[in-house]
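Reader: Could you take me through one strand of this protein in close detail? I'd like to see what sits around it, and then how it fits with the rest.

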Amino acid sequence: MPTVSHVLDRVLVLEMVRVTEAAAIAASTLTGRGDEKAADHAAVEAMREALNHLYMDGTVVIGEGERDEAPMLFIGEKVGAAQGSGPKIDIALDPLEGTTICAKAGPNALAVLAVAEQGGLLNAPDVYMDKIAVGPGYPDNIIDLAKSPTENVKALAAAKGVQPHEIIACVLDRPRHEKLIAELRGVGCGVVLIGDGDVAGVIATTNPETTIDIYMGQGGAPEGVLACAALRCVGGQFKGRLVFRNDDERARAAKWGIEDLDKIYDLTDLAKGDCIFAATGVTDGSLLQGVKRFATKMTTESVVMRAKSGTVRWVKGEHRTA
C-alpha cells in the first residue's frame with residue numbers, strides 16, 4: 001500500500017493540472033514552428049509562474065538543468081508561495097517533454113510534473129538510463145535488466161499466457177537501439193518506434209488501449225523518475241540503471257549524491273511514498289489530446305494521478321480566449 005501522507009493534502013491535485021495546463025498552452029503557440037528552444041522556453045516560463053502561485057515550499061529536484069545552464073526551473077530552485085512555512089515538496093518536471101516533437105508538430109508532446117514529499121524523488125543526474133517497464137497485473141520482478149530482451153519478452157509472454165510474437169514493445173527510434181530492435185523482432189515481438197517522449201512511452205504500458213506491453217531502451221534518467229511517479233500511482237514495474245559515457249557524467253552523479261554507479265533501481269527507489277503525477281497534452285498522442293484553439297476558446301486534456309489513493313482523473317479543460 002502507498003504511504004499515507006498528509007503533506008501533499010496541502011497541495012491540491014487539481015492545482016497540479018493547472019500548472020501543466022499553463023505550460024502546455026504556452027508551448028502550443030509554437031507547435032510546428034521548428035524552434036525547439038523557443039517552445040521549451042515558453043513552457044518553462046509558464047510552468048514556473050504557475051508553481052509560484054501554489055501554497056508550498058517547493059524544491060526542483062529534476063528540472064531544466066543546473067543553475068548555470070538553466071535560468072529558470074533549474075535543479076535546486078525554490079518555487080511556491082510559502083517558502084519557509086508551507087509543506088516541503090520535491091518537484092520533478094519537464095515543461096515540454098518532446099521539444100523536437102512540438103517543433104515538428106509530431107505526436108505525444110506533453111507538459112509533465114511530479115511532486116512528492118521532501119526526499120521522495122531521486123535527484124537523478126542528467127545522464128542516460130537503461131530502462132524497462134511494464135504495466136500492472138504481473139508477478140513481481142517479471143522484468144529484469146540483468147536478462148536479455150529475449151528473456152524479458154518470453155517471461156512477459158508466459159505471464160500473459162501468450163506467445164512472444166503477440167508481445168508489443170515500445171522503443172525510442174535511435175541508432176543506439178539498432179541491436180535491441182533487431183533482437184526484439186528476431187523473437188517475433190512487434191516494435192512501436194517513437195521519435196521522442198519516453199515518459200509517454202512508459203505510461204503507455206499501463207493502458208491496454210495502446211496495445212503496448214513493455215517499454216525498453218535507453219533514455220534520459222530524469223524522464224525515468226517522472227515515469228516512475230506515474231507508475232507509482234497506477235501500478236506497474238520499472239527497472240533502471242544509470243549509463244555514464246565519460247568521467248564528467250560520473251562526477252555529475254557524485255555531485256547529486258549517487259554513490260553506487262552500477263545500481264539497478266526499482267520503481268520505489270526513484271519515486272517513493274505519496275506522490276502526484278500530472279500531464280497535459282501539447283500535441284495529440286496516445287495518452288492525451290493536444291491543445292486545440294477555436295474562435296473564442298482553447299481546450300486541453302490532462303491526466304492527474306495520486307499514489308495515496310490510486311486515483312486517476314482525466315481532465316478536459318475549456319479556456320476562454322475572448
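Author: Sure, and a definition comes first: helices (H or I, at least four residues) and strands (E, at least two) are DSSP runs, numbered from the N terminus. This is a predicted model, so to speak plainly about cut-offs, local features need pLDDT of at least 70 and side-chain atom pairs count only at pLDDT 80 or more, while totals for chains, interfaces and linings use all residues. Residues are numbered from 1 along each chain as its sequence is written, and side-chain values use heavy atoms, with hydrogens and water left out.

Let's zoom in on strand E5, which covers residues 128-134. Tyr128 lies in this strand. Buried means under 20% relative accessible area, exposed means over 50%, and partly exposed is in between (1.4 Å probe, protein chains only). With that scale, E5 is mostly covered, as 6 of its 7 residues are buried. Tyr128 itself has a relative accessible area of 25%, so it is partly exposed.

Now for the neighbours of E5. Two strands pair if DSSP finds at least two bridges between them. E5 has 7 bridges to strand E8 (residues 214-220), and the two run antiparallel. Strand E9 (residues 237-243) is also joined to E5 by 7 bridges, again antiparallel. To pin down the register, look at Lys131, whose bridge partner in E8 is Gly217. For E9, Ile132 stands opposite Lys239.

Back to Tyr128 and what it touches. Contact means heavy atoms within 4.5 Å. Leaving out residues up to four places away in sequence, Tyr128 touches Gln218, Gly219, Gly220 and Ala221, and also Arg241, Leu242, Val243 and Arg245, with Arg176 completing the list. As a long-range yardstick, the C-alpha atoms of Tyr128 and Gly273 are separated by 25 Å, and these two are 145 residues apart along the chain.

A loop leads towards one of those partner strands. Thr211 is found between helix H6 (198-203) and E8. Its phi is near 70 degrees, a positive value in a residue other than glycine. At 46% relative accessibility, Thr211 counts as partly exposed.

You may want to compare that backbone with another loop. Leu73, between strand E1 (57-62) and strand E2 (78-79), has a positive phi of about 55 degrees although it is not a glycine. Leu73 counts as buried, at 0% relative accessibility.

One more loop residue is Thr31, placed between helix H1 (13-28) and helix H2 (36-51). Thr31 has a relative accessible area of 18% and is buried. Not counting residues up to four places away in sequence, Thr31 touches Cys102, Ala105, Val282 and Thr283.

Now for the whole fold. The protein has 9 helices and 14 strands. Its radius of gyration is 19 Å, close to the 20 Å that the globule rule gives for 322 residues, so the protein is as compact as a globular protein of that length. That radius is taken over C-alpha atoms, and the rule is 2.2 Å times the number of residues to the power 0.38. The C-alpha trace spans about 55 × 45 × 40 Å along its principal axes. Of the 322 residues, 55% count as buried. Among contacts between residues at least 6 apart in sequence, 69% join residues at least 24 apart.
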